[in-house]
Amino acid sequence: MTVWNKGRLWAALLAVFCVVLMSGEVQARSQVAAKEGFLLAAFGTSVPEAKSSFQAVEKAFRGSFAKAPVAWTYTSQIIRKKLDKQGEHIPGIAEALRHLKKQGVRVVRVQPLHVMAGEEYTELERALLLEVKKHPGRFDAVYIGRPLLESREDAEIVAKAVLASCKEKRGEACALVLMGHGQEHGRAGLTFEGVRQVFTALDPLVFMATVEGQRGFEELLAELKARQVKKVLLRPLMVVAGDHARNDLGGSEDDSWASRLKAEGFEVDVNLEGLGLLPEVAKLYIEHASQSRDDLTREPKKK
Ligand code: CO
């Protein structure tokens with residue numbers, strides 16, 4: 001073999017090697033993209049009109065991660081059973097994870113659609129952890145994202161978005177009353193108070209209370225009276241405007257917040273929009289999902 005021939009051979013080999021290397025890289029890259037999947041986890045709702053909020057969040061996730069599978073789970077068995085009877089199947093956690101596995105997902109990013117890390121968030125985390133322990137090695141990682149409102153920055157983003165979205169509907173001298181969910185064990189009680197402070201710093205005519213938590217309707221009423229408010233716009237501080245929003249907040253029954261405030265002489269308007277309909281909220285969920293470092297398959301670092 002001449003020197004010239006040897007040189008050509010080496011060049012050809014090098015070219016083949018480069019092509020193989022590049023295709024390998026392309027393949028590896030698409031595998032990385034394909035093996036990540038999202039699991040949107042909510043308490044759930046059986047109110048068909050409320051689903052638009054969940055759909056808006058899902059659409060935003062699909063838009064941001066075009067190739068990644070996006071699955072759903074509702075943690076409420078009662079709601080899932082009710083929907084099953086109506087012909088709509090929403091999987092539980094175990095089934096949803098199996099489904100993602102079948103789609104070739106190696107890294108799961110669970111994004112809870114809870115507003116704050118209260119009782120339901122904690123239960124979801126525990127259920128996921130048990131599921132992960134049952135199937136060691138099934139996924140490379142199972143990350144859990146933080147809820148919507150965790151930091152002061154989160155609260156500022158959400159507060160600004162909420163205020164902007166109902167500015168027109170409120171008009172002049174109209175207070176905004178937000179109904180949070182709240183919970184008996186009060187794990188998110190202080191978060192609620194912090195969020196309340198962020199809202200009122202931006203707009204002193206915002207009032208917040210919960211349907212099932214520590215700060216209830218009586219406190220809200222006393223505050224509205226003390227501030228001599230005459231007009232209120234009611235709105236849920238929940239990801240969907242489901243049963244609580246449609247019944248406990250804006251319902252026509254005597255015991256809804258709307259009816260009780262009307263009976264007290266307030267001029268009442270209701271805005272039945274779940275937080276999930278705000279693009280800023282969907283964006284925040286996406287950020288929390290992608291930034292999570294809480295991998296439930298890893299033991300905590302030794303310290
Ligand atoms: Co409830």
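What is the volume of the largest pocket? In this predicted model, the largest pocket has a volume of about 900 Å³. Its lining is made up of 38 residues, and those that lie nearest the centre of the pocket are Glu 120, His 181, Gly 182, Met 238 and His 244. Helix H5 (119-134), helix H8 (189-202) and H10 are the elements that give two or more residues to this lining.

Two of the residues nearest the pocket centre, His 181 and His 244, bring the description to the metal site. The cobalt ion has as its protein donors His 181 (NE2), Glu 212 (OE) and His 244 (NE2), which lie 2.1 to 2.4 Å from the ion. Along the sequence, these donor residues follow the spacing H-x30-E-x31-H. Glu 212 sits in the loop between strand S6 (206-210) and helix H9 (217-226), while His 244 belongs to helix H10 (residues 243-249); the pair therefore ties together parts that are 32 residues apart in sequence. Glu 212 has a relative accessibility of 40%, and so counts as partly exposed.

Turning to the interior, the largest nonpolar core holds 49 residues, among which Phe 61, Leu 148 and Phe 199 touch the most other members. Helix H6 (residues 152-165) supplies the largest share of this core, with six residues. Because residues come from both domain 1 (32-147 + 279-291) and domain 2 (152-273), the core lies between the two domains. The surroundings of Leu 148 can be followed residue by residue: setting aside residues up to four places away in sequence, Leu 148 touches His 114, Val 115, Asp 154, Val 158, Leu 275, Val 281, Leu 284, Tyr 285 and His 288. There is also a second, separate core, this one of 19 residues, including Val 177, Leu 220, Leu 221 and Val 232.

A last stop is Asn 271, which is found in the loop between strand S8 (267-270) and helix H12 (279-291). Is this residue buried or exposed? Its relative accessibility is 5%, under the 20% limit, so Asn 271 counts as buried. When neighbours within four places in sequence are left aside, Asn 271 is in contact with Cys 166, Lys 169, Leu 233, Leu 234, Arg 235 and Pro 236. For one of these partners, Leu 233, the C-alpha atom is separated from that of Asn 271 by 6.8 Å, although the two residues are 38 residues apart along the chain.

Conventions
Residues numbered from 1 in each chain as written. Predicted model: local features only at pLDDT ≥ 70, side-chain atom pairs only at ≥ 80, totals over all residues. Heavy atoms only, no water. Core = buried A, V, L, I, M, F, W, Y, C linked by side-chain atoms within 4.5 Å. Buried < 20%, exposed > 50% of the residue type's maximum accessible area, 1.4 Å probe, protein only. Helix = DSSP H or I, 4+ residues; strand = E, 2+ residues; numbered from the N terminus. Domains from an automatic or database assignment. Contact = heavy atoms within 4.5 Å. Donors = N, O, S within 2.8 Å, 3.2 Å for Na, K, Ca; no water. 1 Å grid on protein atoms, 1.4 Å probe; cavity = no way out; pocket = protein on both sides within 12 Å on 5 of 7 lines; lining within 4 Å. Points joined across faces, edges and corners; volume = space filled by probe spheres on them.
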